[in-house]
Amino acid sequence: MTTARAQGATIWLTGLPSAGKTTIARGLAGRLRTEGHRVEVLDGDEIRRFLSAGLGFSREDRNTNVQRIGLVAEVLARNGVLTVVPVIAPYADSREAVRKRHQSSDTPYFEVHVATPVEVCSDRDVKGLYARQAAGQLTGLTGVDDPYEPPVDPDLVLETQHQTPQQSADAVYAMLAARGLV
Ligand SMILES: Nc1ncnc2c1ncn2[C@@H]1O[C@H](COP(=O)(O)OP(=O)(O)OP(=O)(O)O)[C@@H](O)[C@H]1O
Ligand SMILES: [Mg+2]
């Protein structure tokens, strides 16, 4: 007897705070679930409350956070889950290590750059971080006074300042469809 095996993948949404990562991840995940796919969303904020509790925002801690999430994502994706990861992941070498982890188990991995310009992110300022940084109440804000290394060769770039959230989520869906994953 043969059993249908779902093909998993990791879809990593990298970009600045307020770029739209969480919004796009939720939109995409909703559509995928409606269509009957197994889906998990590993959101940066939630992860920092448990898997990465106690980690801060130094380069080293940010890297540790990304590697932990990358490990969980790879395990899920390798076992047939479409795993959406809306996590800033500011450092190119951290992201590269996650890609390699997926490659070594032949698990599909997509890097999506949510490439909203910092000025637009700062206007959106969903969590008030840009305002707090400007007021001197916070330091180490990615893209402002902490590094963000944009992906050099991402699988998809989303200019969300010219799109609705639905259009952005649909573009990620289309990428998965083009690869036969949905
Ligand atoms: N095309 C778009 N895609 C995604 N979000 C958009 C788009 N256009 C406007 N927005 C708005 O931008 C905001 C993005 O907030 P969101 O919480 O998704 O950002 P984030 O990248 O997850 O930030 P953080 O890193 O702080 O968690 C939302 O208010 C959303 O409605
Ligand atoms: Mg978010």
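Let's start at Asp106, which is found in the loop between helix 4 and strand 4. What you have open is a predicted model, and this residue makes a handy first stop. Although Asp106 is not a glycine, its phi is positive, at about 60 degrees. Most residues other than glycine have a negative phi. As for its surroundings, Asp106 counts as exposed because its relative accessibility is 72%, and the cut-off for that label is over 50%.

There is another residue of this kind to look at. Asp125 lies in the loop between helix 5 and helix 6, and its phi, near 35 degrees, is again a positive value in a residue other than glycine. Is Asp125 buried or exposed? With a relative accessibility of 16%, it falls under the 20% limit, so Asp125 counts as buried.

Stay in that loop and move along to Lys127. Lys127 forms a salt bridge with Asp45, and their closest N and O atoms are 2.8 Å apart. The pair links distant parts of the chain: Asp45 is in helix 2 (residues 44-49), Lys127 is in the loop between helix 5 (118-124) and helix 6 (129-134), and 82 residues separate them. Asp45 has a relative accessible area of 37%, so it is partly exposed, while Lys127, at 52% relative accessibility, counts as exposed.

Lys127 also brings us to the ligand. Ligand 1 has 18 residues around it, and those that come nearest are Ser18, Lys21, Thr22, Thr23 and Lys127. Zoom in on Thr22 and you'll find an N or O atom of its side chain 2.8 Å from an oxygen atom of ligand 1. The backbone joins in too: a polar backbone atom of Gln163 is 3.0 Å from a nitrogen atom of ligand 1, and a backbone N or O atom of Thr164 lies 3.2 Å from a nitrogen atom of the ligand. How much of ligand 1 does the protein cover? On its own the ligand has 640 Å² of accessible area, and the protein covers 81% of that.

Back to the charged pairs, then. The count of salt bridges comes to eleven. One of them has the side chains of Asp170 and Arg31 meeting at 3.1 Å, N to O. Asp170 lies in helix 7 (residues 165-178) and Arg31 in helix 1 (residues 21-34), so this pair ties together parts that are 139 residues apart in sequence. Both ends get the partly exposed label: Asp170 because its relative accessibility is 29%, and Arg31 because its value is 32%.

Arg95 and Glu111 make another salt bridge, with 3.3 Å between the closest N and O atoms. Here the link runs from Arg95 in helix 4 to Glu111 in strand 4 (residues 109-114), 16 residues apart, and both partners are buried. There is also a network to trace: Glu96, Arg99, Lys100 and Asp155 are joined into one by salt bridges that share partners.

Arg95 has a further role in our tour, as a contact of Ala89. Ala89 sits in the loop between strand 3 (82-86) and helix 4 (92-104). At 2% relative accessibility, which is under the 20% limit, Ala89 counts as buried. Which residues is it in contact with, leaving aside neighbours within four places in sequence? Ala89 touches Trp12, Thr14, Val66, Arg95 and Tyr148. Arg62 is worth a look as well: 27 residues from Ala89 in sequence, it is 7.3 Å away in space, C-alpha to C-alpha.

Finally, turn to the nonpolar interior. The largest nonpolar core has 30 residues, of which Ile11, Leu13, Val112, Val172 and Met175 touch the most other members. Two or more residues each come from strand 1 (9-14), helix 1, strand 3, strand 4, helix 6, strand 5 (156-158) and helix 7. Val112 makes a good vantage point: setting aside neighbours within four places in sequence, its contacts are Ile11, Trp12, Leu13, Thr14, Leu156, Leu158, Val172 and Met175. A second core, separate from that one, has eleven residues, including Ile47, Ala73, Val85 and Tyr109.

Notes:
Residues are numbered from 1 along each chain as its sequence is written. Chains are lettered from A and ligands numbered from 1 in the order in which they are written. This is a predicted model: local features need pLDDT of at least 70, side-chain atom pairs count only at pLDDT 80 or more; totals for chains, interfaces and linings use all residues. Side-chain values use heavy atoms; hydrogens and water are left out. Helices (H or I, at least four residues) and strands (E, at least two) are DSSP runs, numbered from the N terminus. Buried means under 20% relative accessible area, exposed over 50%, partly exposed in between (1.4 Å probe, protein chains only). Contact means heavy atoms within 4.5 Å. A salt bridge is a side-chain nitrogen of Lys or Arg within 4 Å of a carboxyl oxygen of Asp or Glu. A nonpolar core is a set of buried Ala, Val, Leu, Ile, Met, Phe, Trp, Tyr and Cys residues joined through side-chain atoms within 4.5 Å. A residue is near a molecule or strand if one of its heavy atoms lies within 4 Å of it. A polar contact is a pair of N or O atoms within 3.5 Å; within protein, one must be able to donate a hydrogen and the other to accept it, and residues adjacent in sequence count only if both atoms are side-chain atoms. Accessible areas come from the Shrake-Rupley method with a 1.4 Å probe; for residues, only the protein chains shown count as cover.
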